[in-house]
Amino acid sequence: MTTTALPHRLSRNSRYITWLISDTAKGLAGGLFGFAVPLIALFVTNDPTQAGIIGAVGMTIRTVTTLLGGVLADRHRRIPMMVLGSAIGILLAGAFTLLALADALTFTTLLLLDVLLAARAGLFDVAGESALKEIVPDDAMGRAQAANQGRNAVLELAGGPLGGALLAVGGWLIGAVMAVSHAIAMVTAWMLQRSAATGASSPAAWENPDEHAAGRSVTQGHAADTPDDPRFPTATTEVAVSGVATATAASAISKPNAIREMTEGFRWLFSRPDLRGVLFVATIINLGFTTALTCIIYALQQQGHTPLTIGLLSSGAGVAMLIGALFAPMLVSRVPAGIIIIAGLGVSVIGVFALLPVHAPLALAAVLGAIVLFIPAVNAALMGYFMVATPTELLGRANSASSVLGMGAMPLAPLIAGFGLSLIGRENTLLVAAALCLTAVLLAFGNRALRALPAEAGWSAHAAQFLVR
């Protein structure tokens, strides 16, 4: 007898909820540090160029270590890596707190802390992102990514004002809250690891335990898939990926070679016409938008605005992202992903140009809100399809490769903003950022593979077209 599988309900997937709490706590810690360091550097040095150097070095270190993080995520169990990464985060946050209390935050110490925390994120965050495929089935991945975007919006909404309020008390309080956040992330990741040890590691098992006990559910990730369940990729699909997965299996039984394993992720990505063009678009748009945002923050500080005022600037963006995240699940399930991505990026480009004549913090907040309104849907579509299209055994390296390509030019953003403000002024620097964003949208519109990406229900079938049989 043939039965129709019910849509997977994320609200009843306890493992996803636990993962989301852990990832949210880790995201809050990273967001607070990312907000505080540029401002502390500006207060300490009173030089946008030096603040830009700190940001650029940190981004470069994260980009480089992300490559190794992808290899580690595919070699080792991903959830224990989440636990270890959060434990290291507690130690580094504690060091930041002590240095702040001792009034020892200088250009050198801030640079060192930024390097260490960036390395921690690069080495361990890929594992947390990749673990999601072991927890959520393919037919719910777009909605899971949309929910994650809603979480990001809440962090954006609360993170700026919270960071500004904490920084107004003292940098040490930023470090203390970071330490608590990493502690929450570590405990919940440990709970996730314990739940996997009980054997209830399947998303279907957590939602329908009776069916799991009767042997009618599927496990994902490091366990075997059931071919009859359309929500999960078959074993054949997981292995037949442009010949790269075969090389991966061979490397697993040979002597480990990190360089070879890193290149496998890039080779697989570049072998996929449905993904490779999108990655270059993401690189350029990330550079342009990050440059514009950094320029705005640096300019406000140089104009004498307080950290709390600058923190409130992100509130408008956070509200807009939260509104956008509410509509993202409906959009990714009904509208082709290609249309969502191109239209969303187009709105962002118009918004970056609109920043040019705006100087008041409240007006800037409104424009930033318009820029990011459709970003949750764009990210949910892009990241959701990527997770579905990528086989589990390559997910860590593919994730790190895509992150490196997406972040590859981002270390230039604080340098462009810092040197731009000093040499050519705010408006000309924003024009450079707007030109970069416009270039990305034109490339996206001209990319046939990107335009062809379907809505969520068609992701698995669409991705299967690019497999080598």
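## Overall make-up

Helices here are DSSP runs of H or I with at least four residues, numbered from the N terminus. The model is predicted. The chain has 21 helices and zero strands. Its length is 469 residues, and 54% of them count as buried.

Sequence separation in the contacts can be stated as a share. Taking contacts between residues at least 6 apart in sequence, 84% link residues at least 24 apart.

## Ala41 and Ile54

Ala41 is a residue of helix H1, and Ile54 is a residue of helix H2. Ala41 has a relative accessible area of 1% and is therefore buried, the cut-off being under 20%. Ile54 is likewise buried, with a relative accessible area of 1%.

Residues up to four places away in sequence are not counted in the contacts that follow. Ala41 touches Asn46, Ala51, Ile54 and Leu110. Ile54 is in contact with Val37, Ala41, Phe107, Leu110, Leu111 and Asp114. Leu110 thus appears in the contacts of Ala41 and in those of Ile54.

C-alpha distances add two pairings across the sequence. Ala41 and Thr108 are 67 residues apart along the chain, with 9.9 Å between their C-alpha atoms. For Ile54, a partner at 9.6 Å, C-alpha to C-alpha, is Pro411, 357 residues away in sequence.

## Helix H2 against helix H18

Two packed helices are described by the angle between their axes and the distance between the axes. For helix H2 (residues 48-75) and helix H18 (residues 412-423), the angle is about 170° and the axes are 7 Å apart. H2 is therefore roughly antiparallel to H18, since angles over 145 degrees fall in that class. On the H2 side, the contact is formed by Pro48, Thr49, Gly52, Ile53, Gly55, Ala56 and Met59. H18 contributes Pro414, Leu415, Gly418, Phe419 and Ser422. Sorted by class, this contact holds seven nonpolar and five polar residues, and no charged ones.

## Gly69 in helix H2

Gly69 also belongs to helix H2. Where does Gly69 stand, buried or exposed? With a relative accessible area of 0%, Gly69 is buried, because the class takes values under 20%.

Setting aside residues up to four places away in sequence, Gly69 touches Gly122, Leu123 and Val126. Gly69 and Arg120 are 51 residues apart along the chain, and their C-alpha atoms are separated by 9.2 Å. Arg120 is also one of the residues lining the second largest cavity.

## Cavities

How many cavities of 30 Å³ or more does the structure hold? There are two. The second largest cavity contains about 80 Å³ of space.

Its lining includes Ser22, Asp23, Lys26, Met82, Gly85 and Ser86. Also in the lining are Arg120, Phe124, Asp125, Gly128 and Ala185. Helix H1 (14-45), H3 and H4 each provide at least two lining residues. Which helix gives the most to the lining of the second largest cavity? H4 does, with four residues. By class, the lining has three nonpolar, four polar and four charged residues.

## Leu20 in helix H1

Leu20 lies in helix H1, a helix that also supplies residues to the lining of the second largest cavity. Leu20 is buried at a relative accessible area of 18%, because that value is under the 20% cut-off.

Not counting residues up to four places away in sequence, Leu20 touches Asn148 and Arg151. From Leu20 to Ala144 the distance is 9.6 Å, C-alpha to C-alpha, with the two positions 124 residues apart in sequence numbering.

## Asp103 in the H3-H4 loop

The loop between helix H3 (78-101) and helix H4 (107-130) contains Asp103. Most residues other than glycine have a negative phi. Asp103 is not a glycine, yet its phi is positive, at about 55°.

Is Asp103 classed as buried or exposed? Asp103 has 72% relative accessibility and so counts as exposed, the cut-off for that class being over 50%.

Definitions and conventions. Residues numbered from 1 in each chain as written. Predicted model: local features only at pLDDT ≥ 70, side-chain atom pairs only at ≥ 80, totals over all residues. Heavy atoms only, no water. Buried < 20%, exposed > 50% of the residue type's maximum accessible area, 1.4 Å probe, protein only. Axes fitted to C-alpha atoms, helices over the stretch in contact; angles between N-to-C directions. Parallel < 35°, antiparallel > 145°, perpendicular 65-115°, else oblique. Contact = heavy atoms within 4.5 Å. Nonpolar A, V, L, I, M, F, W, Y, C, P; charged D, E, K, R; others polar. 1 Å grid on protein atoms, 1.4 Å probe; cavity = no way out; pocket = protein on both sides within 12 Å on 5 of 7 lines; lining within 4 Å. Points joined across faces, edges and corners; volume = space filled by probe spheres on them.
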